[in-house]
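This report covers a ligand shell and two backbone outliers. Please have the structure open while reading.

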Amino acid sequence: MNEIFSDQTLLETKKVCKTFGSGKNAVNAVIDVDFQIHQGEIISIVGTSGSGKTTLAKILLGLLKETSGEILYKGKPRLLKNQKERRAYWQNIQAIFQDPFSTFNQFFRVDKILNDCLKLQGLEHISQKEKTEKMQDACKFVNLKYEELYNKYPFELSGGQMQRLMIARIFMVKPNILIADEPTSMIDACSRSTILDMLMKLREEEGMTILFITHDLGLAYYLSDTIYIMESGRIVEKGPAEDVILHPQDSYTKQLVSDVPKLHEEWVLSY
Ligand SMILES: Nc1ncnc2c1ncn2[C@@H]1O[C@H](COP(=O)(O)OP(=O)(O)OP(=O)(O)O)[C@@H](O)[C@H]1O
Ligand SMILES: [Mg+2]
């Protein structure tokens, strides 16, 4: 756990709402969410399926437009009006999603996918040799071999390779904020810990600020400085990980904590 993070607020939402559909079919997926990410902080958002976590993540990324509310990056309203502004924003914030298949354009080969990361950084003018070196470095970081993969399409990769390729992209773009939306849900326990190790290495080596989205309260407790609990579109509780888990105030949080008895026993033993 990272006890010390800076006071500087990177990303902030004020009363953000997202409603899908209208009239009788309206779904209030995100309701009045106030949220802050500080430089260097590790945050987890925990909540059951359908509580609005991915919707909130997509709003933070600028992939979905909020219905109302305000979003500030480094204290200023973020600008996403045109492609240039969006690219500038996406240098700061990137995500790894639940489903690696949805992350990549299936018609682009691996070399194009990685090359696009260089473009995002404004590095399209460096020599081909330098580009290749950067792509090789990124693959090395996640234990993939560039030479074996560069001319493959995403559908030719295994699930684990795709997960690693997602992290290789993050390594290349080096965003300030990384949102990891259940990045480990599709893979086995062994790959899961490897992926988490890679994310924590990114954090240590690149100073990335990470927002985890998970169902796993134990993981959230283990990894995060701050936990937000989300239920039916609302943040029902937030605070330092220890406070939220050891002294939950909200009834929904209490229920989540009591559903993980093993977690509780382990702390009792360690105290
Ligand atoms: N594009 C969409 N159109 C209509 N409704 C949507 C859309 N995306 C999400 N929803 C609805 O918004 C609510 C929140 O969904 P969301 O995917 O954010 O939940 P989640 O917390 O990420 O769940 P999970 O843990 O299963 O991933 C759900 O009721 C979902 O059906
Ligand atoms: Mg989700």
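Ala, Val, Leu, Ile, Met, Phe, Trp, Tyr, Cys and Pro count as nonpolar; Asp, Glu, Lys and Arg count as charged; the others, Gly among them, count as polar. By these classes, the shell around ligand 1 has three nonpolar, eight polar and one charged residues.

The model is predicted: local features need pLDDT of at least 70, side-chain atom pairs count only at pLDDT 80 or more, and totals for chains, interfaces and linings use all residues. Residues are numbered from 1 along each chain as its sequence is written, while chains are lettered from A and ligands numbered from 1 in the order in which they are written.

**Ligand shell.** Ligand 1 is surrounded by Phe20, Gly21, Val27, Ala29, Gly47, Ser49, Gly50, Ser51, Gly52, Lys53, Thr54 and Thr55. A residue is near a molecule if its C-beta atom, placed from the backbone, lies within 6 Å of it. Strand E2 and helix H1 (53-61) each supply at least two shell residues. H1 gives the largest share, three residues. Helices (H or I, at least four residues) and strands (E, at least two) are DSSP runs, numbered from the N terminus.

**Positive phi.** Two non-glycine residues are tabulated here.

| Residue | Phi | Place |
|---|---|---|
| Asp32 | about 50° | strand E2 (residues 27-38) |
| Lys174 | about 50° | loop between helix H7 (159-173) and strand E7 (177-181) |

Are these residues buried or exposed? A residue is buried if 20 or more other C-beta atoms, placed from the backbone, lie within 10 Å of its own, exposed if 12 or fewer, and partly exposed in between. Asp32 has 15 such neighbours, so Asp32 counts as partly exposed. Lys174 has 17, so Lys174 is partly exposed.
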